[in-house]
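Subject: Structure for you to look at, with notes

Dear colleague,

Here is the structure I promised to pass on to you. Please open it alongside the sequence, and then read the notes below, which go through what was found.

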Amino acid sequence: MVVRALVWTAALGAAWWLLTTKPVRRLTGGRPELDELAPDLRVKVGKLLSELEGNGYTWRVLDVARTVDEQELNVRLGYSRTMNSRHVAAAGAARAVDLEPVSTPDGPATTDELRAQAYLALRDTAPRYGLETGGIWLAWSSKWAKWGLGGDPGHVQEATS
Ligand SMILES: [Zn+2]
């Protein structure tokens, strides 16, 4: 009886593992919040975040997919400048993600100085994975200009150049 109970426990454990472990989680290093991204971008952003985390920069995902209504609100509030946003999910998946730094090698990202340091690392590492950030959009002036950053430095999308 004990053996049979052990076999059942092992079988249930294996079934639970199969049901709860999705390949996506492994590709993005366990970041289910990136599931709204198109699969190719999910892989690139996952690699980008893994490299940055290895250097002491950790991130929070603020926004991935938006509905048309949500995008209209973002434009009205000045958070976005286009209705043709890569956050608006085409074919069910978004092609942009907004990130916010949580910590840097110099401590928690609690000041603009430290957040800028993280955004600069994000901007400079992104091209290695075929990505770019709103940190290169210098025409979009904001408080980040002081650090040579464009106006939407946490926005990550496919490289356009
Ligand atoms: Zn964005």
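In which sense, parallel or antiparallel, do strand β2 and β5 pair, and over how many bridges? Strand β2 (residues 96-104) and β5 pair in the antiparallel sense, over three bridges. Within this pairing, Asp98 stands opposite His155 in β5, and Ala96 has Gln157 in β5 as its bridge partner. Please keep in mind throughout that this is a predicted model.

The chain as a whole

The chain has 161 residues, of which 32% count as buried. It contains five helices and five strands, and along the sequence these follow the pattern α-α-α-β-α-β-β-α-β-β. If one takes the contacts between residues at least 6 apart in sequence, 54% of them join residues at least 24 apart.

The strands

Besides its pairing with β5, strand β2 pairs with β1 in the antiparallel sense, over five bridges, and in that pairing Glu100 in β2 is the bridge partner of Arg60. Strand β2 also pairs with strand β3 (residues 107-108), again in the antiparallel sense and over two bridges, with Thr104 standing opposite Gly107 in β3. The connection from β2 to β3 is a hairpin that runs through two residues.

Strand β5, for its part, pairs with strand β4 (residues 131-134) in the antiparallel sense over four bridges, and here Thr133 stands opposite Val156 in β5. Why can β5 be called largely enclosed by the rest of the structure? Strand β5 covers residues 152-158, and six of its seven residues are buried, so the strand is largely enclosed by the rest of the structure.

Three residues to look at

Asp63 lies in strand β1 (residues 58-63). It counts as buried because there are 20 C-beta neighbours inside 10 Å, and 20 is the number at which a residue begins to count as buried. Leaving out residues up to four places away in sequence, Asp63 touches His87 and Asp98; Asp98 is the residue already mentioned as standing opposite His155 in β5. The C-alpha atoms of Asp63 and Leu34 are 9.3 Å apart in space, although the two residues are 29 apart in sequence.

Thr133 is in strand β4, and it is buried, since 27 other C-beta atoms lie within 10 Å. When residues up to four places away in sequence are not counted, Thr133 touches Leu122, Arg123, Ala126, Pro153, His155 and Val156, and Val156 is also the residue that Thr133 stands opposite in β5. Between the C-alpha atoms of Thr133 and Val97, which are 36 residues apart along the chain, the separation is 9.6 Å.

Ala159 is found in the segment after β5. Is this residue buried or partly exposed? Ala159 counts as partly exposed, because it has 13 C-beta neighbours inside 10 Å, whereas a buried residue needs 20 or more. Apart from neighbours within four places in sequence, Ala159 is in contact with Pro127, Gly130, Leu131 and Glu132. For one of these, Gly130, the C-alpha atom is separated from that of Ala159 by 5.4 Å, with the two positions 29 residues apart along the chain counted as their separation.

A pair of helices

Two packed helices are described by the angle between their axes and the distance between the axes. Helix α3 (residues 39-54) and helix α5 (residues 112-125) pack at an angle of about 130°, and their axes are 11 Å apart. An angle over 145 degrees would count as roughly antiparallel, and one of 65 to 115 as roughly perpendicular, so α3 and α5 are oblique to each other. The crossing in which α3 passes α5 is right-handed. On the α3 side the contact includes Leu48, Glu51 and Leu52, which meet Ala121, Leu122 and Thr125 in α5. The residues of this contact divide into four nonpolar, one polar and one charged. Leu122 in α5, which takes part in this contact, is also among the residues that Thr133 touches.

With best wishes

Key:
Residues are numbered from 1 along each chain as its sequence is written. This is a predicted model: local features need pLDDT of at least 70, side-chain atom pairs count only at pLDDT 80 or more; totals for chains, interfaces and linings use all residues. A residue is buried if 20 or more other C-beta atoms lie within 10 Å of its own, exposed if 12 or fewer, and partly exposed in between; C-beta atoms are placed from the backbone. Two strands pair if DSSP finds at least two bridges between them. Two residues are in contact if their C-beta atoms, placed from the backbone, lie within 7 Å. Axes are lines fitted to C-alpha atoms, for helices over the stretch in contact, and angles run from 0 to 180 degrees between N-to-C directions. Angles under 35 degrees count as roughly parallel, over 145 as roughly antiparallel, 65 to 115 as roughly perpendicular and the rest as oblique. A crossing is left-handed if the near helix is turned anticlockwise from the far one by less than a right angle, and right-handed if clockwise. Ala, Val, Leu, Ile, Met, Phe, Trp, Tyr, Cys and Pro count as nonpolar, Asp, Glu, Lys and Arg as charged, and the others, Gly among them, as polar.
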